[in-house]
Amino acid sequence: MVNGARGGTGDAMSVLDGHTRYNEKWLAQGDKRIVPVPTGNRTDRSLVRRLADGCRTAGVGAGPAVDPRNGSAACADRPASDGPRLLGMPPPLLLFTADLTGAILFPSPGYALVAGTSAFLAGAVPEGVDQGRARFGRYARAAAGKWPGPKSAARSFPPAHIAWKRPGDVPAGTATARQLTLMRDVAENRCTAADFAAGWLVARRHSQQQGERVRDPLGTLLDRVFSLLEDYSIDPESTGPDDLSDEELRHAVVQLMRQAE
């Protein structure tokens, strides 16, 4: 991770409203979203890794760790560019990207609030916004007897989508519905295997970006299709000896659809 905050700790304070909340104007710029994540009494490897991965996917560096109560450097000898030295820092704490498109607010023990643009969240919350919120909700219930903060954060940031269990649960017009339509089309020879593979992967990416959530058995079905496509080459000239052929891919999708429907 590369250090280099644009305007130092002063600029970083513009992302906050007080020392426990994000500024609504900052959130509105670039359509930023917030995902609560579990942590302990101090910064741990998971939290530091979220910052590093968010900076990587956004293509930016990180600013110094800041005490959100007064905007001062939280610890002068622990720059945000040095991940290992960020470990073990107590809350309250603010970590942020150099261009202020992403941040992690650690207000109290038990949880942190990851916020930023879709580019930052793609690395910082790779499970997706809704999936991350749903997982945090389960964690908050388990941690309720230990810390009060996670339960309140879970109520403030619930998942926007219900997790769909079966193909029939999926609303029309969603990216997940598009994945299922493509599976039916290739199974019934209404599209080529290559067109199916390309379109399905795009739909999967859009599903994740839009925060759509699935659970078993539908989740397992879609994961199996993704595994099939990892063994299939869309470009015939790049096909290896162990890759699936068009007919093998089509047959495998047919079998999966029969199991699901």
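**Figure 1. The largest pocket of the predicted model encloses about 460 Å³ of space.** A pocket here is an open set of points on a 1 Å grid over the protein atoms alone, where a 1.4 Å probe fits and protein lies on both sides within 12 Å along at least five of seven lines, and lining residues have an atom within 4 Å of a point. Grid points are joined across faces, edges and corners, and the volume is the space filled by probe spheres set on those points. The lining comprises 19 residues, with Gln131, Gln208, Glu212, Arg213 and Val214 lying nearest the centre of the pocket. Two or more lining residues come from each of helix 6 (129-143), helix 8 (175-187), helix 9 (193-209) and helix 10 (218-230), where helices (H or I, at least four residues) and strands (E, at least two) are DSSP runs numbered from the N terminus. By residue type, the lining of this pocket divides into four nonpolar, eight polar and seven charged residues; Ala, Val, Leu, Ile, Met, Phe, Trp, Tyr, Cys and Pro count as nonpolar, Asp, Glu, Lys and Arg as charged, and the others, Gly among them, as polar.

The structure is a predicted model, in which local features need pLDDT of at least 70 and side-chain atom pairs count only at pLDDT 80 or more, while totals for chains, interfaces and linings use all residues. Residues are numbered from 1 along each chain as its sequence is written, and side-chain values use heavy atoms, with hydrogens and water left out.

**Figure 2. The second largest pocket holds about 370 Å³ of space.** Of the 16 residues that line this pocket, Ser118, Leu121, Ala122, Gln208 and Gln209 are the closest to its centre. Helix 5 (118-124) and helix 9 each contribute at least two residues to the lining, which divides into five nonpolar, eight polar and three charged residues.

**Figure 3. Two cis peptide bonds are shown, each leading into a proline.** One of these bonds joins proline 91 and proline 92, with omega at about 0°, and proline 92 belongs to the loop between helix 4 (83-86) and strand 4 (93-96). Another cis peptide bond joins aspartate 216 and proline 217, with omega at about 10°, and proline 217 is placed in the loop between helix 9 and helix 10.

**Figure 4. Aspartate 31 and leucine 100 have positive phi angles although neither is a glycine.** Aspartate 31, with phi at about 55°, sits in the loop between helix 2 (24-28) and strand 1 (33-38). This aspartate 31 counts as exposed, because its relative accessibility is 60%, and the classes are buried for under 20% relative accessible area, exposed for over 50%, and partly exposed in between (1.4 Å probe, protein chains only). Leucine 100, with phi at about 65°, is found in the loop between strand 4 and strand 5 (102-108), and leucine 100 is buried, because its relative accessible area is 8%.

**Figure 5. Cysteine 55 and cysteine 191 are seen in a structure with zero disulfides.** A disulfide is counted when a pair of cysteine sulfur atoms lies within 2.5 Å, and a search of the whole structure finds zero of them. Cysteine 55 is buried, with a relative accessible area of 2%, and cysteine 191 is also buried, with a relative accessible area of 17%. Across the protein chain, buried residues make up 45% of the 261 residues.
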